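Trainee: I would like a close look at one part of this model. Please take me through it step by step, and then show me how it sits in the whole.

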Amino acid sequence: MSALTRFAQSRLAWTILLLTALGLEACALFFQHVMKLDPCVMCIYQRLAVLGVLTAGLIGVVGHQFRLLRFLGVLLWGVSAAWGLKLALELVEMQTNPSPFSTCSFLPEFPEWMPLHEWFPSVFLPTGMCTDIPWEMFGITMSQWMVVAFSTYLIALVVFIIPALMPTKKA
């Protein structure tokens, strides 16, 4: 078994995935509640995508020894990161080319059976506008940083998907 396969199937690899997503969630809440930057509906959706990556990491941490659980973790990781990248790119487009015909809604469109914005308004209720750019670092907006983050998750997935899904070798 190669070193990459051993690492991809280790608890450490999945813990790193979980902790990076947890860090992004913590940053989002810091920006919202400490820096008083209002999240837009697209930010809330991206927050949910990061939560999906976090959950994938948790599945991997708990089930890293089982191929089926690693498969579920990889699947959730890929879907969440791809959806998050799509959302981040859409938000960058809205911010760089604002149009009165391309706006986002004021409330998230969660399923009726799971109104997260009502259950956890301090986390999932949008209060900002999508076209606002409330924060930049090194001339890069928050939405552009999220493109980097989700792209990094997808690149890591491409590197780790085959090794993570290989059968576990017993010593």
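Mentor: Start at the surface of this predicted model. Phe66, Leu68, Leu69, Phe71, Leu72, Leu75 and Val79 form a nonpolar patch there. The patch covers about 650 Å².

Pick out Leu69, one of the patch members. Leu69 belongs to helix H4. Its relative accessible area is 30%, so Leu69 is partly exposed.

Now turn to Arg70. Arg70 also sits in helix H4, which spans residues 67–96. Is Arg70 buried or exposed? Arg70 is buried. Yet Arg70 has no salt bridge. Side chains of opposite charge can pair when their charged atoms come close. For Arg70, the nearest side chain of opposite charge is Glu25, and Glu25 is 24 Å away. A salt bridge needs the nitrogen and the carboxyl oxygen within 4 Å, so this pair does not qualify.

What does the side chain of Arg70 reach instead? It reaches the backbone oxygen of Ala164, at 2.5 Å. Now list the neighbours, leaving out residues up to four places away in sequence. Arg70 touches Gln9 and Trp14. Gly63, His64 and Gln65 are also among its contacts. So are Ala164, Leu165, Met166, Pro167 and Thr168.

Move along helix H4 to a charged pair. Glu90 and Lys86 join their side chains in a salt bridge, 2.6 Å from N to O. Both residues lie in helix H4, 4 residues apart, so about one helical turn separates them. How exposed are the two partners? Glu90 has 31% relative accessibility, so Glu90 is partly exposed. Lys86 has 45%, so Lys86 is partly exposed too. How many salt bridges does a search of the whole structure find? The search finds 1.

Step back to the whole chain. The protein chain has 7 helices and 2 strands. Along the sequence, the pattern runs α-α-α-α-α-α-β-β-α. The C-alpha atoms fill a box of roughly 60 × 35 × 30 Å along the principal axes. Of the 171 residues, 42% are buried.

Contacts across the sequence complete the picture. Take the contacts with a separation of 6 or more: 80% of them link residues 24 or more positions apart. Last, look at the outside. The chain exposes about 9,700 Å², and carbon and sulfur atoms supply 73% of that area.

Methods: Residues numbered from 1 in each chain as written. Predicted model: local features only at pLDDT ≥ 70, side-chain atom pairs only at ≥ 80, totals over all residues. Heavy atoms only, no water. Buried < 20%, exposed > 50% of the residue type's maximum accessible area, 1.4 Å probe, protein only. Lys, Arg positive; Asp, Glu negative; His and termini not counted. Polar contact = N/O pair within 3.5 Å; in protein donor to acceptor, adjacent residues only side chain to side chain. Contact = heavy atoms within 4.5 Å. Patch = residues over 30% accessible without salt bridge, like charges linked within 9 Å, V, L, I, M, F, W, Y side chains within 5 Å. Areas by Shrake-Rupley, 256 points an atom, 1.4 Å probe, with all protein chains shown as cover.
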